[in-house]
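Student: Could you take me slowly through one single part of this model, the place where the ligand sits? I would like a careful, connected explanation that I can follow with the structure open beside me.

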Amino acid sequence: MSRIESLISRMTLAEKIGQLTMTACGMAVTGPTIAGDSTEAIKSGAIGNLLNLVGADIVREMQRLAIEESRLQIPLLIGYDVIHGHRTLFPIPLGEASTFDPGSWAASAREAAKEAAADGLAMTFAPMLDVSRDPRWGRIAEGPGEDPFVGARMAEAKVAGFQTADLLREDSLAACAKHYCAYGCVTAGRDYAPVDISERTLHEVHMVPFAAAVGAGVAAMMPAFTDLNGIPMTANRVLIEDWLRARWGFDGVVISDYNAVAELMRHGIAADLPDAAALSLKAGVDIDMMADAYRRGLPIALERGLVSMADIDRSVRRVLVLKERLGLFDDPYRRGKGGESPAALVARRQLSRDIATRSIVMLKNSADALPIGPVRRLAVIGPLANASAEMRGVWWGAAAPEGHVTVLEGLRAALPRAEILHSEGVDIESGDFSGIAGGVDRCASADAIVLCLGEAAVMSGEASSRAHLGLPGMQQRLAEAVFERAKSSRIPVIVVLFSGRPLVVPWLVNGADAVLAAWFLGSEAGNAIADVITGRASPSGRTPVSWPRAAGQVPIFFSERPSGRPFDAKDKFTSKYLDVANEPLFPFGFGLTYGRFAQSNLRLSAPELRFDDVLNVEIDLVNQGSREAEETVFLFTHDKIATVARPKLELKGFAKLRLTPGARGTAHISLRASDLCFLDMQLNPVFEPGEVEILVGPCADPKVLLSASVRLKG
Ligand code: BGC
């Protein structure tokens, strides 16, 4: 009998349910505290998994209790939200998505895993793969943005980075893809609200990144808190058992979200805790995070006949298999050895700076305000100019508040000879505007002004939905005062905009000479921003979400299906608003560089494709600007006539090309014909003969795309 089967045969019911329980462990001044329980629970085998316990020593001590003092000596599985770094932070996921570089996505996950594993962790609750088209929802900050193709590529890269090819490695983490599924569509962008979307959108958009995570071998999956079309995901047997496990072949562990099992009662589908526990276990949720519903409810559910011992054993087996795959049985202390070399930390910081630099999206640069030329005096103004803790963004893992390079620090280091004038002007959120006049005065003699505005880090992320998507507090007033002063003295104003979502700030873009969307860039934020401002690096980030002109345009995304009454300015009865344009302020994929790229000569390797063929798409680029830069090229498709209406643009690929001034190059993107399948009326994939348009260009604005067509043959 295998180790795992032999263990299961010896386990009591309480020990089995212990393996299906994950409890938070906080650090009190006097030592660890376990919510609602004690270290006794670990010794008795009543808790088999922990979250939120960080640090080599404390992890070792907890693990020791399980190994040396519990009857069956089963190691603990310890997880944490390592979302965009652990101690060294990288850009928030939405920011990092802007690099459109799977290599970077994987590399930052690898470094985060090394740091977290050194701290004793074996699992991360990441990657977050919820596609979202609604910037009101604060958790848009944690994910890949609006597009499923990007989400799928990010899923693969992150899983590879966290897990490596071998979960036994001491520096690997089990990844947990979340939140399955469609959490990004909460009603009106309000966190935790129900989700009501079509089956087609669910399958064509929201499930796609999760399928990719399974394909990449993700070890665990977390269902969303939310109700999806009437069935809360924590009890969604169809999507967990039938799709995730049976169709996609996922054989890992499903972990509930925080307290989500008990919340089935509030959703109105469970009468009591045993009922909630049974619904969730039967749906395929193996581990109950924080609800204590399995411990308190499953024994009763068993008596009531709502679950069987076989149901419990099946989940226990999955949890034990994961612990075995992580090498925890053979050496429970394999992670948590601490102490990485100083050189490794320096290299990690450098990587963070590099990825942060490439995550910055330049939204505007009129009259080449950027990069700034030689300056004698630079004014660095605004509440986010010198805010180390804010640079971390949402989910800062185990990173201390201090030590993250601010814009002020970055610019001081980059421009040692310039005089830097600094003032906050206003706070991020308060109504106090008494500092504006002083702030504006600081700008008076400057050669250029860097105005650092935006949200606080905690204004995006969980439970941080916003109905107004402008600048908080008195920041607009500060900006307008600065613009006025700058205009009269002809001083260029460069806005560095921090946010966990696209903001609705057309007036700001109008007033500024240059705008950099800096998201939240992590530990090296200020250095990365200084690299771009001074021209040490050319910006190359592209927005992975559309930026609305007005909050009323939300949800806004490029892959809409056609209307029967497409926009026509001269015809009132067409699809439009009376008071705002249909287009976003900045489309998906938009981002300027210090180069000037022209694209031409779109070529397809074949005029016709059969299901197994691969199409090679090429486009020529020339950098007509005077600086080296990296251009991003997107490949979209449009199936103009199909049995089911297809989106006007579907993203199928992207590529990057770096060119020196005057240089020419060719971008290559390959497209598998099978990727042109879509879901028919019964939602089965179909490869439909006919013509498909291939559109290639720098962003999802149809006006700037070159097109050609290919014929699909049955
Ligand atoms: C969040 C998850 C997270 C979990 C554990 C929940 O509130 O929704 O994304 O992994 O907490 O911290």
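Tutor: In this predicted model, a polar side-chain atom of Arg139 is placed 2.7 Å from an oxygen atom of the ligand, and that is a good place to begin looking. His179 also has a polar side-chain atom at 2.7 Å from an oxygen atom of the ligand, while for Asp257 the distance between an N or O atom of the side chain and a ligand oxygen is 2.6 Å. Taken on its own, the ligand has 310 Å² of accessible area, and the protein covers 94% of that.

If you now widen your view to the surroundings, you will find 13 residues around the ligand, and Asp81, Arg139, Lys178, His179 and Asp257 are the closest of them. Sorted by class, this shell consists of seven nonpolar residues, five charged residues and one polar residue.

A separate point, which you can check in the same view, concerns the cysteines, where the count of disulfides is zero. Cys452 shows how this comes about: its sulfur has the sulfur of Cys443 as its closest cysteine partner, but the two are 11 Å apart, which is too far for a bond, because a disulfide is counted for sulfur atoms within 2.5 Å. With 0% relative accessibility, Cys452 is classed as buried, whereas Cys677, with 23% relative accessibility, is classed as partly exposed.

Notes. Residues numbered from 1 in each chain as written. Predicted model: local features only at pLDDT ≥ 70, side-chain atom pairs only at ≥ 80, totals over all residues. Heavy atoms only, no water. Near = heavy atom within 4 Å. Polar contact = N/O pair within 3.5 Å; in protein donor to acceptor, adjacent residues only side chain to side chain. Areas by Shrake-Rupley, 256 points an atom, 1.4 Å probe, with all protein chains shown as cover. Nonpolar A, V, L, I, M, F, W, Y, C, P; charged D, E, K, R; others polar. Buried < 20%, exposed > 50% of the residue type's maximum accessible area, 1.4 Å probe, protein only.
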